[in-house]
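Me: I'd like to go through this model with you piece by piece. Can you take my questions as they come?

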Amino acid sequence: MLRIRTFILVFSVIYLIYGYESPIEEKDFRRLLKQNKNVLVLCSPNEKTAKPVLQLFKQVEPEIKGLGLLVYISCEKGKKLCKKFKCDTNNNELRHFKDGDFHKVYDRAHVAKSMITFMLDPKGEMPWDEDELTRDILHLNNPKDFERVLKKSLPLLIFFYAPWCGYCKKLKPLYAEAATEVRGQYQLAVMNVDKVENYPMRRQFNITGFPTLIYFEKGEEKFHYTGGHTKDDIIKWLKDPQPPKEPSAEEAATEFFPTDSENVNYVVHLNDDTFDTFIAENAQSPILVMFYAPWCGHCKSLKPELIKASIDLHDQQSNAIIAAIDSTKSPKLSKQYKIEGFPTMKFFRDGKYAFETNERTADKIVAFLKDPKEPPPPEPEWSEQETDVVHLNEENFKTLLKKKKSALVMFYAPWCGHCKKAKPLYTSAAAKFKDNPKVMFSAIDCTKQRPICKEYEVPGYPTIKYFNYGKYIAEYGSDRTEEAFVEFMTNPEEQLNKPKPTPPPPADPIEFWKDSGPGYENVHLLKSSTFDSIIGQSRKALIMFYAPWCGHCKKAKPTFSSVASQLASTHKDIIIGAVDATAERDLGSKYSVKGFPTFLYFENGQLSSEYDGGRSEQDLLTYLTGSTDKVEL
């Protein structure tokens with residue numbers, strides 16, 4: 001009989017208080033659910049039946065300690081409680097409770113790995129390698145798995161995906177069905193290349209969008225998959241794999257740049273076969289080349305500016321040329337010119353590559369091509385600059401902090417505007433303490449040192465934390481000015497004990513939205529308390545996370561309100577919503593919102609992807625009312 005030592009095996013319910021012989025009261029169980037947000041409950045007829053799951057609990061508990069609670073109820077001892085919650089009195093049943101309420105019946109495998117994954121993210125989707133549907137798919141977890149599978153004799157098709165990719169999720173069951181049907185003839189595999197350890201695979205195969213499917217024979221890459229999006233399409237293509245057909249310039253233009261009589265433009269479309277000859281034949285002309293991907297939102301935003309610039313140059317009888325290359329169909333050029341993001345603008349002069357530029361409006365593009373000048377070199381990374389700020393990494397983080405009585409650590413990202421603004425002030429403050437061996441101003445680049453930033457739960461950038469001899473004490477909450485940094489580090493204990501001023505109440509979202517023009521009342525202004533209930537009722541939802549002070553957010557308001565108004569009468573199952581991320585910080589943190597505005601797209605209550613397409617009314621309406629069943633490879 002399990003007694004008080006049960007806690008070694010499992011966070012047991014009321015047994016820790018009453019022991020097995022005592023009845024289990026509903027009030028005690030409800031108190032347990034109230035005190036713990038993430039609870040997995042085993043209801044079992046008796047101890048003998050429960051034993052296999054309790055042994056599993058023993059393996060799981062250390063891995064979720066502090067993050068979740070495992071509970072065991074014996075229906076033999078707690079009959080009233082089991083009856084109240086309608087537990088199966090003949091079989092084991094695992095139920096999950098989230099924030100005090102029933103969430104779902106546990107539907108994963110009864111193995112430690114599956115249960116740990118579930119408890120760490122109860123609302124997350126089932127990992128592909130745990131889904132029974134994918135039993136005939138080989139799951140590649142890392143580059144070593146990839147190298148091993150290449151040595152097998154069967155022809156191989158690998159589906160490279162990201163867990164958040166909506167198109168990947170739609171293709172998954174069809175791919176699984178195909179894998180089962182061709183088992184023994186072809187090997188179908190999948191690999192999550194959104195994991196840090198698999199980033200090298202993304203670079204090796206120039207994977208810039210999801211899903212990407214690549215076919216291998218005898219350990220060698222042959223073709224990118226170019227078939228259709230059904231099970232039969234996949235099988236048909238495998239039986240006769242073909243390289244992708246090179247589109248003609250006319251076809252390429254039709255895909256991304258309008259070329260009909262109503263949309264004249266003078267953008268030249270190049271590819272791996274035509275590029276070198278064209279550049280050589282037009283050596284006397286300055287040529288600006290945009291490398292793009294059809295799915296890239298920033299490319300779509302740049303497209304009308306590029307078209308307008310091409311027309312303006314033509315009307316001015318300039319010999320300057322604007323060209324475009326679809327990098328997804330021109331891998332040779334993309335590799336040659338080291339294209340790592342989209343759009344990338346390369347300038348050619350006298351038939352040779354000169355430099356990269358970053359103009360984004362028609363006027364500036366035209367002005368640039370009239371008088372091409374190389375932009376100044378980028379500022380060196382902060383860690384490469386000579387300052388009194390100490391830059392930390394995984395190797396020196398704990399060692400250096402332990403030596404300092406007072407240390408500030410700025411967790412930052414190089415692209416973060418607020419970080420750039422704070423950096424010179426933080427650096428100047430550090431210089432004031434350069435002769436004090438007990439004080440350290442330090443910084444850590446979260447784009448390079450992700451594990452440390454994750455360990456310290458960095459919600460956004462910059463986040464500044466105070467440490468005392470390596471021990472985290474508190475988050476720095478004063479102003480990000482040189483004077484404030486100096487004042488804080490002169491006497492941190494005194495500053496930390498100062499009474500905090502009462503923060504002003506968050507602004508009423510209606511005040512922010514009411515000047516958006518007609519339709520703003522159709523934008524659902526969401527809070528933490530209403531978010532799940534409203535989004536959960538929708539078939540589709542597009543949510544704008546904003547900050548009241550953000551200029552781009554203010555600019556987006558009228559269009560967003562107009563779209564909400566149009567959809568309110570024609571598509572009642574589509575929600576247009578907005579979240580003030582400065583007031584609803586938990587939602588911003590939950591969805592990893594790092595900048596404003598951020599647009600997140602949901603399907604059937606679940607996050608599908610971040611929307612990074614165009615922001616015009618037509619762009620948003622087309623995206624939301626067009627078919628989302630199409631899988632684009």
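Me: What span should the 20 residues of helix α23 have, and how far apart are its end C-alpha atoms?

Reply: Helices here are DSSP runs of H or I with at least four residues, strands are runs of E with at least two, and both are numbered from the N terminus. The expected span is 1.5 Å times one less than the number of residues. For α23, residues 551–570, that gives 28 Å, which agrees with the distance between its end C-alpha atoms, 30 Å.

Me: Before we go on, what sort of model is this, and which cut-offs apply?

Reply: Residues are numbered from 1 along each chain as its sequence is written, and side-chain values use heavy atoms, with hydrogens and water left out. It's a predicted model, where totals for chains, interfaces and linings use all residues, side-chain atom pairs count only at pLDDT 80 or more, and local features need pLDDT of at least 70.

Me: Where does α23 bend, and which proline follows?

Reply: The bend at a residue is the angle between axes fitted to the seven residues ending there and the seven starting there. In α23 that angle is about 40 degrees at K557. Within four residues comes the proline, P558.

Me: Which residues of α23 are buried, and what covers them?

Reply: Buried means under 20% relative accessible area, exposed over 50%, and partly exposed in between, with a 1.4 Å probe and protein chains only. In α23 the buried residues are C553, A556, K557, F560, S561, S562, V563, A564 and L567; C553 counts as buried because its relative accessibility is 0%. Their cover includes α21 (509–513), β21 (540–546), β22 (574–580), β23 (598–603) and α25 (617–625).

Me: How many residues does the largest nonpolar core have, and which have the most contacts inside it?

Reply: A nonpolar core is a set of buried Ala, Val, Leu, Ile, Met, Phe, Trp, Tyr and Cys residues joined through side-chain atoms within 4.5 Å. The largest has 41 residues. At least two of them come from each of α7 (143–150), β6 (156–161), α8 (166–181), β7 (187–192), β8 (212–217) and α10 (231–239). The ones with the most contacts inside the core are L157, I158, F159, F160, Y175, L188 and L238.

Me: Which residues are among those in the other core, the one of 37 residues?

Reply: That core lies apart from the largest one. Its 37 residues include C296, I322, L333 and F347.

Me: Is F347 buried or exposed, and which residue 61 places away along the chain has its C-alpha atom 7.5 Å off?

Reply: F347 is in strand β13 and counts as buried because its relative accessibility is 0%. Contact means heavy atoms within 4.5 Å, and beyond four places in sequence F347 touches P286, I287, L288, K352, Y353, A354, F355, F368, L369 and P372. The residue with its C-alpha atom 7.5 Å away is P286.

Me: What does T344 contact, leaving aside its neighbours within four places in sequence?

Reply: T344 also lies in β13, which covers residues 344–349. At 9% relative accessibility, T344 counts as buried. Its contacts are V289, M290, F291, I339 and E356.

Me: Where does D350 lie, and what is its phi?

Reply: D350 sits in the loop between β13 and β14 (352–357). With 59% relative accessibility, D350 counts as exposed. Most residues other than glycine have a negative phi. D350 has a positive value, near 55 degrees.

Me: And what is phi for Y469?

Reply: Y469 is in the loop between β18 (463–468) and β19 (471–475). At 44% relative accessibility, Y469 counts as partly exposed. Its phi is positive too, near 50 degrees.

Me: Which cysteines form a disulfide, and how far apart are their sulfur atoms?

Reply: A disulfide is a pair of cysteine sulfur atoms within 2.5 Å, and the count comes to one. The link is left-handed, with -90 degrees about the S-S bond. C446 counts as buried at 2% relative accessibility, and so does C453 at 6%. The pair is C446 and C453, with their sulfur atoms 2.1 Å apart.

Me: Which side chain makes a polar contact with that of R95?

Reply: R95 lies in strand β3, residues 93–98, and counts as buried at 12% relative accessibility. A polar contact is a pair of N or O atoms within 3.5 Å; within protein, one must be able to donate a hydrogen and the other to accept it, and residues adjacent in sequence count only if both atoms are side-chain atoms. At 3.3 Å, the partner is E93.
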